[in-house]
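Got the model open in your viewer? Let's take a walk through it, from the whole chain down to single side chains.

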Amino acid sequence: MVDKAPEPVSSAALRRQMLKEFWFYFSENRGAVIGLFVFLLLVVVAVLAPLIAPHSPFEQYRDAVLVPPIWTEGGRASYLLGTDPVGRDILSRLIYGAQYSLFIGVFVTTLSLTGGILVGLIAGYYRGWVDTVIMRLMDIILAFPSLLLALVLVAILGPSLTNGMIAIALTLQPHFVRLTRAAVMAEKTRDYVTAARLAGAGPLRLMFRTILPNCTAPLIVQATLSFSNAILDAAALGFLGMGAQPPAPEWGTMLAEAREFILRAWWVVTFPGLAILVTVLAINLMGDGLRDALDPKLKRS
């Protein structure tokens with residue numbers, strides 16, 4: 001009796017198995033799961049902001065200036081978290097601020113990741129003087145504190161949310177360049193790359209089709225951490241008046257507008273600060289879980 005050859009595993013079944021394995025290692029980190037649910041809640045709030053926000057984030061209620069939260073003396077049911085110094089509803093501004101934070105994170109991470117991968121691929125693949133020039137430039141950028149460098153760039157470009165995001169992306173890009181370069185240098189000497197080169201693959205195909213797909217795991221983890229750094233740096237620029245400009249409901253800008261009322265109206269600075277803290281913490285916890293799930297050295301048997 002002849003044994004039947006095992007049936008080949010379909011690509012769909014293989015993807016399902018990989019996703020199942022990924023979720024197994026990711027879910028072992030309880031903090032990462034909590035961070036994921038908080039982040040998904042933030043996304044839902046940002047998408048549904050026009051539907052769930054009780055007021056317009058820009059409308060000023062002159063008869064309700066510095067109204068405290070509802071659970072304190074003097075609070076009103078129509079302003080659950082109170083109002084700011086010009087009578088705007090804080091809850092509504094926090095909800096719309098989630099849109100700003102997600103947009104900032106996505107824009108900055110995409111820009112720095114794309115540029116970092118391109119430059120890192122060139123440096124790691126070609127080496128020589130090209131690699132030396134690129135890495136010395138990255139070292140110069142890393143020698144400056146990221147927030148200070150972003151402030152200088154925004155001062156040159158002009159204070160605005162767009163210029164602030166571009167400045168933050170430039171300060172985060174060296175991390176992606178160094179990570180991509182190291183991964184490319186490790187993968188370039190492997191047998192499958194040599195085989196592809198002998199088969200006639202050109203430099204562009206080798207870089208983008210052969211090497212890059214095998215370098216994505218550490219880049220995903222770094223992108224998650226850069227997402228939280230982008231939100232934090234954008235809030236810092238907004239607080240310093242160099243990022244989003246009033247009356248934009250951006251959390252850092254909300255802190256800047258309320259800092260002179262910190263002693264007699266605690267809620268105007270507490271809630272935006274908590275929003276930044278919870279968001280950044282949730283994304284960092286997600287990053288830890290992604291590192292555990294994507295790095296084979298950290299996978300526990």
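What follows starts with the overall fold and then turns to helix packing, salt bridges, the surface and a few backbone details.

First, a little housekeeping: this is a predicted model, so local features need pLDDT of at least 70 and side-chain atom pairs count only at pLDDT 80 or more, while totals for chains, interfaces and linings use all residues. Residues are numbered from 1 along each chain as its sequence is written, and side-chain values use heavy atoms, with hydrogens and water left out.

Zoom out to begin with. The protein chain has 12 helices and 0 strands, where helices (H or I, at least four residues) and strands (E, at least two) are DSSP runs, numbered from the N terminus. The C-alpha atoms fill a box of roughly 85 × 60 × 30 Å along the principal axes. Of the 301 residues, 44% count as buried; buried means under 20% relative accessible area, exposed over 50%, and partly exposed in between (1.4 Å probe, protein chains only). About 16,200 Å² of the protein chain is exposed, and carbon and sulfur atoms supply 67% of that. Areas like this come from the Shrake-Rupley method with a 1.4 Å probe, and for residues only the protein chains shown count as cover. If you take the contacts (heavy atoms within 4.5 Å) with a separation of 6 or more, residues 24 or more positions apart account for 70% of them.

Now for how helices sit against each other. Two packed helices are described by the angle between their axes and the distance between the axes. Look at H10 (residues 216-239) and H12 (residues 267-294): they pack at an angle of about 170°, with their axes 8 Å apart. Here the axes are lines fitted to C-alpha atoms, for helices over the stretch in contact, and angles run from 0 to 180 degrees between N-to-C directions. H10 and H12 are therefore roughly antiparallel, since angles over 145 degrees get that label, those under 35 count as roughly parallel, 65 to 115 as roughly perpendicular and the rest as oblique. On the H10 side the contact includes Ile220, Val221, Thr224, Phe227 and Ile231, and on the H12 side the residues include Ile276, Val280, Ile283, Gly287 and Leu290.

Between those two in sequence numbering you'll find H11 (residues 251-258). Is H11 enclosed or not, and how many of its residues are buried? The count is 7 of the 8, so H11 is largely enclosed by the rest of the structure. The buried residues are Trp251, Gly252, Thr253, Met254, Leu255, Ala256 and Ala258, and their cover includes H2, H4 (90-126), H10 and H12.

Glu257, also in H11, brings us to charged pairs. A salt bridge here is a side-chain nitrogen of Lys or Arg within 4 Å of a carboxyl oxygen of Asp or Glu, and the count comes to 9. Arg93 pairs with Glu257, their closest N and O atoms being 3.6 Å apart. That pair links distant parts of the chain, with Arg93 in H4 and Glu257 in H11, 164 residues apart. Arg93 is buried at 1% relative accessible area, whereas Glu257 is partly exposed at 24%. Asp84 and Arg88 meet in another salt bridge (2.8 Å, N to O), and both are buried.

Elsewhere, Arg181 forms a salt bridge with Asp131, with 2.6 Å between the closest N and O atoms. This one joins H7 (residues 161-188) to H5, across 50 residues, and Asp131 is buried at 5%. Going back to the earlier pairs, salt bridges that share partners join Asp84, Arg88, Arg93 and Glu257 into one network.

Next, the outside. Val44, Val47, Leu48, Leu51 and Ile52 form a nonpolar surface patch with about 470 Å² of accessible area together. H2 (30-47) and H3 (49-52) each give two or more residues to the patch. Leu48 lies in the loop between H2 and H3 and is partly exposed, at 34%.

Finally, some backbone details in the loops. The peptide bond from Pro246 to Pro247 is cis, with omega near 5°, and Pro247 sits in the loop between H10 and H11. Leu66, in the loop between H3 and H4, has a positive phi near 55° and counts as buried at 17%. Arg127 also has a positive phi near 55°; Arg127 lies in the loop between H4 and H5 (128-143) and is partly exposed at 34%.

Key. Patch = residues over 30% accessible without salt bridge, like charges linked within 9 Å, V, L, I, M, F, W, Y side chains within 5 Å.
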